[in-house]
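Reader: I am new to reading protein models, and I would like to look closely at one single part instead of the whole. Could you take me through one helix and its surroundings, step by step?

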Amino acid sequence: MWRGCKLSSSGSRFLGGLRSVYRGTRADCPRLTTSAVCSKNQLSWTLQIKPWVVNEYRIMWFKSCSMNFAFLNRMKSYRLPWIRPYSTSRSTVDSNEVKTFLALAHRWWDEQGVYAPLHSMNDLRVPFIRDNLLKTVANHQPGKPLSGMKILDVGCGGGLLTEPLGRLGASVIGIDPVDENIKTAQHHKSFDPVLDKRIEYRACSLEEIVEETAETFDAVVASEVVEHVIDLETFIQCCCQVLKPGGSLFITTINKTQLSYALGIVFAEQIAGIVPKGTHTWEKFVSPEKLESILESNGLSVQTVTGMLYNPFSGYWHWSENTSLNYAAYAVKSSVQEHSGPEFALKGEREELRAEASTNSGLRWDHGRAGLRSLVEENPLLDRGSFAGRSCVSAPRTPGH
């Protein structure tokens, strides 16, 4: 096509055709201009139209552009900005992850199957959740320590963690975007009439219930979930919104390290087959430092981060100080509510009063604390704490004072 800056014969004929086509058009409408620029790799032909006549020549402009791009060496796809696809959805659900778990929905309660590590993980995560929640209550019933608490189990799957929490007395709502998972969970809990009353399952994502459940739950549990979402920050924001002030958030997940890739994906999925292939994506793993940063930015104070190690030979988990692979995090939502109403509205007036007080010739520091006290009493908008800790140093007395 193009060599150096020379136009090939086909390109010359094309450009000549364009000139002949638009010669009459330019005569009739001087606002329509064309220009051809020859470069090393492509022909760049620009059709310039004044904005106020663009509607009159829009059809001709589209045709011209399509003719021009057909002669480029390197074909590219161009999309006009006003027809660019746009979505306002804030969904954190990955459709590929849904397909993966859909194929395994019937195997949740097979304790020797692909979900065996999750069954075994209950030995750590259930006491971890229970013991930390008991720190937030003064009294609890024997045998039902979590009685009266409302817990949201996000990404509950077949209910492997939901049911133990319900047996501890909590009222639990388990949600999962995979409808088949919810059907499996509902079927399994139906065998226990007690659980049937304490547990409710919904086939939905977290962001779908944020508005109706705002500040509803005493605790939110997201165990082995955050490494499967596509928008972690939005997910954490939703968790925070549904928590009551002072509520607890529990997360177990996988660290993003070279070791987690080697053991969590290469060994566990591709070699040993402990986990089905394609279950995890290393890029979605999150380090404790990054997770803590996101939690803190959303008003959640991290209380505990501890490592978890799985022994594939024994099939058991144990706690560890090493967080290179799996780890558990416990955070609490701030119970302090920031008010920006009257206090904020009076801020400017307070500053004016302070400035007036500092320049008021009628008040002298040598009058001591009595003078300050009278100023505060006369101007209630002033903070009494504004002068706390300040010493009232007497100024040198001048004759006549």
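Author: What follows is a close look at helix H8, beginning with the chain that holds it. The model is a predicted one, and its chain contains 13 helices and 10 strands. Of the 401 residues in that chain, 40% count as buried, while the chain as a whole exposes about 23,400 Å², with carbon and sulfur atoms supplying 52% of that area.

Helix H8 covers residues 232-242, and because 8 of its 11 residues are buried, H8 is largely enclosed by the rest of the structure. The buried residues are Leu232, Thr234, Phe235, Ile236, Cys238, Cys239, Cys240 and Val242. If you ask what they pack against, the partners include strand E3 (150-154), strand E6 (217-223) and strand E7 (243-254), and the helix H10 is also one of them, together with strand E8 (300-311) and strand E10 (326-333).

The pairing with H10, which spans residues 288-297, can be described further: the two helices pack at an angle of about 45 degrees, and their axes lie 10 Å apart. That angle makes H8 oblique to H10, and H8 passes H10 in a right-handed crossing. On the H8 side, Leu232, Glu233 and Ile236 take part in the contact, and they meet Leu291, Ile294 and Leu295 of H10. Sorted by character, the residues of this contact divide into 5 nonpolar, no polar and 1 charged.

Key:
Residues numbered from 1 in each chain as written. Predicted model: local features only at pLDDT ≥ 70, side-chain atom pairs only at ≥ 80, totals over all residues. Heavy atoms only, no water. Axes fitted to C-alpha atoms, helices over the stretch in contact; angles between N-to-C directions. Helix = DSSP H or I, 4+ residues; strand = E, 2+ residues; numbered from the N terminus. Parallel < 35°, antiparallel > 145°, perpendicular 65-115°, else oblique. Left-handed = near helix turned anticlockwise from the far one by under 90°. Contact = heavy atoms within 4.5 Å. Nonpolar A, V, L, I, M, F, W, Y, C, P; charged D, E, K, R; others polar. Buried < 20%, exposed > 50% of the residue type's maximum accessible area, 1.4 Å probe, protein only. Areas by Shrake-Rupley, 256 points an atom, 1.4 Å probe, with all protein chains shown as cover.
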